[in-house]
Amino acid sequence: MKISELLKNIEYSHVINEKDLEFTNISYNSKTAKEGDLFICLKGEHTDGHNFAQMAYDNGVRVFVCERKLDCDAVQIIVPSTRLVIAKISALLYDNPSQK
């Protein structure tokens with residue numbers, strides 16, 4: 001999926017380092033994230049995915065969905081809540097399986 005297609009379908013505040021890259025998978029685990037993935041910086045009760053973004057970047061990720069600016073030159077889609085947007089992005093990428 002191209003970033004431009006994603007941006008037409010989700011709520012976001014702005015994009016940093018905007019490029020119309022393509023991603024083929026969604027990841028929120030920096031240990032398994034790889035090139036071609038979109039990494040979602042999920043904030044949890046005990047951990048914050050933003051703290052693991054550098055590891056995902058080092059693994060080849062160049063597209064991030066986050067709640068605040070990261071210190072890297074990757075595309076960063078800033079959203080109000082990564083928790084709320086992950087389901088929408090998953091449905092878009094995997095062709096809305098709940099509707100079938």
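Is H50 buried or exposed? H50 counts as buried, at 7% relative accessibility, where buried means under 20% relative accessible area, exposed means over 50%, and partly exposed lies in between (1.4 Å probe, protein chains only). Before we look around, please note that this is a predicted model, in which local features need pLDDT of at least 70, side-chain atom pairs count only at pLDDT 80 or more, and totals for chains, interfaces and linings use all residues. Residues are numbered from 1 along each chain as its sequence is written, and side-chain values use heavy atoms, with hydrogens and water left out.

**The whole chain**

- The protein chain has 3 helices and 5 strands; helices (H or I, at least four residues) and strands (E, at least two) are DSSP runs, numbered from the N terminus.
- Walking along the sequence, you meet these elements in the pattern α-β-β-β-α-β-β-α.
- The radius of gyration of the protein chain is 12 Å, which agrees with the value near 13 Å for a compact globule with 100 residues. This radius is taken over C-alpha atoms, and the globule rule is 2.2 Å times the number of residues to the power 0.38.
- Along the principal axes, the C-alpha atoms of the protein chain fill a box of roughly 35 × 30 × 25 Å.
- Of the 100 residues in the protein chain, 45% count as buried.
- Contact means heavy atoms within 4.5 Å. Among contacts in the protein chain with a separation of 6 or more, 49% come from residues 24 or more positions apart.

**Surface and charge**

- About 5900 Å² of the protein chain is exposed, and carbon and sulfur atoms supply 48% of that area. Accessible areas come from the Shrake-Rupley method with a 1.4 Å probe; for residues, only the protein chains shown count as cover.
- The protein chain carries 12 positive and 14 negative side chains, and the centres of the two sets lie 2 Å apart.
- In this count, Lys and Arg are positive and Asp and Glu are negative, while His and the chain ends are not counted. The place of a charge is taken as NZ of Lys, CZ of Arg, CG of Asp or CD of Glu.

**H50 and D48, in one loop**

- H50 is found in the loop between β3 and α2, and D48 lies in the loop between β3 (37-40) and α2 (53-58).
- D48 is buried, with a relative accessible area of 14%.
- The side chains of D48 and H50 make a polar contact of 2.6 Å. A polar contact is a pair of N or O atoms within 3.5 Å; within protein, one must be able to donate a hydrogen and the other to accept it, and residues adjacent in sequence count only if both atoms are side-chain atoms.
- A polar atom of the H50 side chain also lies 2.9 Å from the backbone nitrogen of E67.
- Leaving aside neighbours within four places in sequence, H50 is in contact with C41, K43, C66, E67, R68 and L70.
- Not counting residues up to four places away in sequence, D48 touches L42, K43 and R68.

**N17 and L21, between β1 and β2**

- N17 is found in the loop between β1 (14-16) and β2 (25-27), and counts as partly exposed at 34% relative accessibility.
- Most residues other than glycine have a negative phi. N17 has a positive phi of about 60° although it is not a glycine.
- L21 lies in the loop between β1 and β2 and counts as partly exposed, at 30% relative accessibility.
- L21 and M1 are 20 residues apart along the chain, and their C-alpha atoms are separated by 8.4 Å.
- Not counting residues up to four places away in sequence, L21 touches M1, K2, I3, R62, V63 and V75.

**H14, in a strand**

- H14 has its place in strand β1 and counts as partly exposed at 41% relative accessibility.
- A polar contact of 3.1 Å joins the side chain of H14 to the side chain of S13.
- H14 touches Q76, I77 and I78, not counting residues up to four places away in sequence.
- From H14 to V79 there are 65 residues in sequence, yet the C-alpha atoms are 7.6 Å apart in space.

**N29, in another loop**

- N29 is found in the loop between β2 and β3 and is partly exposed, with a relative accessible area of 34%.
- The side chain of N29 reaches the backbone nitrogen of K31 at 2.8 Å.
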